[in-house]
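Grab a pencil and work through the exercises below with the model open beside you. Each one sets a task and then walks through a solution.

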Amino acid sequence: MKFRAWDKELKKFNYQVEVDCWGNIQEYKFSGSAYYPKFEDDLSGGSIANERFILQLYTGKNDKDGNEIYDGDILKVKTPTFYKKFIINTFKVFWDEYKWSMINLNNGEILSDLIRTEDSIIVSNIFNEKK
């Protein structure tokens, strides 16, 4: 599983995180030639990082530019209509019990799968960090 974490203090994403089998978040920093745990007490309890970060899971899909799509991303998606025409809609990606889904931010319609991601562009996320 691949995660990114929203850092509530720095107001940006951190891609150097892992989650242990107890659900604790561990942030890493690069030093010299390797990554090392950033918070020492994360190794025994994870309380510092668990309070500071909000985890988001990678969907396994990419947008048309090759950017990884994560839970909470806002996408502009080219969706088909009748007579081989397309319209651009805005969707938010979310986990719906057992599958990835998207909700149309214009009309509230829920699509039960991540469709047409090859025609999508990530424009933002739930934290309003623009791409």
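**Exercise 1: Lay out the sheet**

Five strands make up an open sheet with antiparallel pairing, in the order 11-10-9-8-12. Your task: say which strands are the edge strands.

*Solution.* Start from the order, 11-10-9-8-12. Strand 11 (110-111) and strand 12 (120-125) each pair on one side only, so these are the edge strands, given that two strands pair if there are at least two bridges between them. Keep in mind that you're looking at a predicted model.

**Exercise 2: Zoom in on strands 9 and 10**

How many bridges join strand 9 to strand 10, and which residue stands opposite K99?

*Solution.* First, find the two strands: strand 9 covers residues 86-96 and strand 10 covers residues 99-104. They run antiparallel, with six bridges joining them. Next, look for the partner of K99 in strand 10: D96 stands opposite.

Now check the side chains of that pair. D96 and K99 also meet in a salt bridge, 3.5 Å from N to O. As for accessibility, D96 is partly exposed at 25%, and K99 is partly exposed too, at 22%.

**Exercise 3: Place M102**

Is M102 buried or exposed? Work out where M102 sits and how far it is from K92.

*Solution.* Step one: M102 belongs to strand 10. Step two: its relative accessibility is 0%, and the cut-off for buried is under 20%, so M102 counts as buried. Step three: go to K92, ten residues away from M102 in sequence. In space, their C-alpha atoms are 5.4 Å apart.

**Exercise 4: Two salt bridges over long sequence distances**

How many salt bridges does a search of the whole structure find? Then take the R4 and E9 bridges in turn and say which parts of the chain they link.

*Solution.* The search turns up five salt bridges. One of them pairs R4 with D73, and their closest N and O atoms are 2.5 Å apart. R4 is in strand 1 (residues 3-7) and D73 is in strand 8 (residues 73-80), so this pair ties together parts 69 residues apart in sequence. Both ends are out of sight: R4 is buried at 0% relative accessible area, and D73 is buried, also with 0%.

On to E9, which forms a salt bridge with R52, with 3.7 Å between the closest N and O atoms. E9 lies in the loop between strand 1 and strand 2 (12-14), while R52 is in helix 1 (residues 47-52); that's 43 residues apart, so the pair counts as linking distant parts of the chain. Here the accessibilities split: E9 is exposed at 60%, whereas R52 is buried at 10%.

**Exercise 5: Step back to the whole chain**

How many helices and strands are in the chain, and where does the helix come in the run of elements?

*Solution.* Count first: there are one helix and twelve strands. Then read from the N terminus: β-β-β-β-β-α-β-β-β-β-β-β-β.

To round off, add the totals. The chain has 131 residues, and buried ones make up 36% of them. Of the contacts between residues at least 6 apart in sequence, 42% join residues at least 24 apart. Finally, the chain exposes about 8200 Å², with carbon and sulfur atoms supplying 52% of that area.

Technical notes
Residues numbered from 1 in each chain as written. Predicted model: local features only at pLDDT ≥ 70, side-chain atom pairs only at ≥ 80, totals over all residues. Heavy atoms only, no water. Helix = DSSP H or I, 4+ residues; strand = E, 2+ residues; numbered from the N terminus. Buried < 20%, exposed > 50% of the residue type's maximum accessible area, 1.4 Å probe, protein only. Salt bridge = Lys/Arg side-chain N within 4 Å of Asp/Glu carboxyl O. Contact = heavy atoms within 4.5 Å. Areas by Shrake-Rupley, 256 points an atom, 1.4 Å probe, with all protein chains shown as cover.
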